[in-house]
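Colleague: Got a minute to go through this model with me? I have a few quick questions.

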Amino acid sequence: ATLGSTLLAHGLSYDDQEPGMALDLQAMNEDAAIPTGLTIEPVVDDPALRRWVAVWAFDASESARAQLQHVFGALGADPRNPWRFYLGRLNGEPVATVKLFYHAGVVSVQHVVTLPHARRRGISTAITVHALRQARDQGYRVAMLTASPHGLGNYRRIGFQEFCTFRWYRWRPETGAT
């Protein structure tokens, strides 16, 4: 109960919070229309994974994107791994990402991003529903995620419900945290 104040007392700073949400995949609202020109593909090789990272990390610095390419490249896009990447293309242009992580009978939805110029067209909802259908088809029943303010309404429309709050704290070595 006192974790937040303990972290602050030891030099960490409060960063942000997001609701933790869950969904029964059997009760998912699948009414999301696929926007005209949108295709969704599983990422199954290194070139596609590089395109996925470029979209997901679109606002990162060039050096950060290179590091992310290295990290995600090490994870790999092999469909036998417990994670799956999906790339959304609008009229052939990569514009959206989602990643699912499968473990302990639950699928975690992560890295839902749509490039700014393609937002507000239903793309992130469509790619998320598509990925969740894949999880359901593989026998998964429960999905969970943390929701940014940008995605909260989309997740609620799909049927996710809030169950908790995640609070993020940041350690910055220059502050002298112990």
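Modeller: Sure. Keep in mind that this is a predicted model. Let's start with helix H2, residues 46-56. Its buried residues are Ala-48, Leu-49, Trp-52, Val-53, Val-55 and Trp-56.

Colleague: How do those buried residues of H2 sit, seen down the axis?

Modeller: They fall within an arc of 160°, so they line one face of the helix.

Colleague: And what covers the buried residues of H2?

Modeller: The cover includes helix H3 (62-75) and three strands by name: E3, E4 (93-103) and E5.

Colleague: Which residue caps the N-terminal end of H2?

Modeller: Asp-45 does. One of its side-chain oxygens lies 2.9 Å from the backbone nitrogen of Ala-48. Ala-48 is also among the buried residues of H2.

Colleague: You mentioned E3. Where is Arg-89 found?

Modeller: In strand E3, which covers residues 83-90.

Colleague: Is Arg-89 buried or exposed?

Modeller: Buried. Its relative accessible area is 15%, and the cut-off for buried is under 20%, so Arg-89 qualifies.

Colleague: What does the side chain of Arg-89 reach?

Modeller: The backbone oxygen of Gly-92, at 2.9 Å.

Colleague: And which residues does Arg-89 touch, not counting those up to four places away in sequence?

Modeller: Gly-37, Leu-38, Thr-39, Glu-41, Arg-51, Pro-94 and Val-95.

Colleague: Change of topic: pockets. How much space lies in the largest pocket?

Modeller: About 1000 Å³. There are 35 lining residues. Val-112, Ser-148, His-150, Gly-151 and Tyr-155 are the closest to the centre of the pocket.

Colleague: Which elements give two or more residues to that lining?

Modeller: Strand E5 (106-114), helix H4 (123-137), strand E6 (142-146) and helix H5 (152-158). E5 gives the most, with 7 residues. E5 also helps cover the buried residues of H2.

Colleague: How do the lining residues of the largest pocket divide into nonpolar, polar and charged?

Modeller: 14 are nonpolar, 14 are polar and 7 are charged.

Colleague: Now backbone angles. What is phi for Ala-104?

Modeller: Near 55°, so to speak on the positive side, and Ala-104 is not a glycine. Most residues other than glycine have a negative phi.

Colleague: Where is Ala-104 found?

Modeller: In the loop between E4 and E5. Ala-104 is exposed, with a relative accessible area of 67%.

Colleague: And what about phi of Arg-120?

Modeller: Positive too, at about 70°, and Arg-120 is not a glycine either. Its place is in the loop between E5 and H4. Arg-120 is exposed, at 86% relative accessible area.

Colleague: On to H4, then. Is Asp-137 buried or exposed?

Modeller: Asp-137 is in helix H4. It counts as exposed, with 60% relative accessibility.

Colleague: How far apart are Asp-137 and Val-106 in space?

Modeller: 13 Å, C-alpha to C-alpha. In sequence they are 31 residues apart.

Colleague: Last one. Where is Asp-16 found?

Modeller: In strand E1, residues 13-24. Asp-16 is partly exposed, with a relative accessible area of 36%.

Colleague: Which residues is Asp-16 in contact with, leaving aside its neighbours within four places in sequence?

Modeller: Phe-166, Arg-167 and Trp-168. As for Phe-160, its C-alpha is separated from that of Asp-16 by 21 Å. Those two residues are 144 apart along the chain.

Notes
Residues numbered from 1 in each chain as written. Predicted model: local features only at pLDDT ≥ 70, side-chain atom pairs only at ≥ 80, totals over all residues. Heavy atoms only, no water. 1 Å grid on protein atoms, 1.4 Å probe; cavity = no way out; pocket = protein on both sides within 12 Å on 5 of 7 lines; lining within 4 Å. Points joined across faces, edges and corners; volume = space filled by probe spheres on them. Helix = DSSP H or I, 4+ residues; strand = E, 2+ residues; numbered from the N terminus. Nonpolar A, V, L, I, M, F, W, Y, C, P; charged D, E, K, R; others polar. Buried < 20%, exposed > 50% of the residue type's maximum accessible area, 1.4 Å probe, protein only. Polar contact = N/O pair within 3.5 Å; in protein donor to acceptor, adjacent residues only side chain to side chain. Contact = heavy atoms within 4.5 Å. Arc of directions from axis to C-beta.
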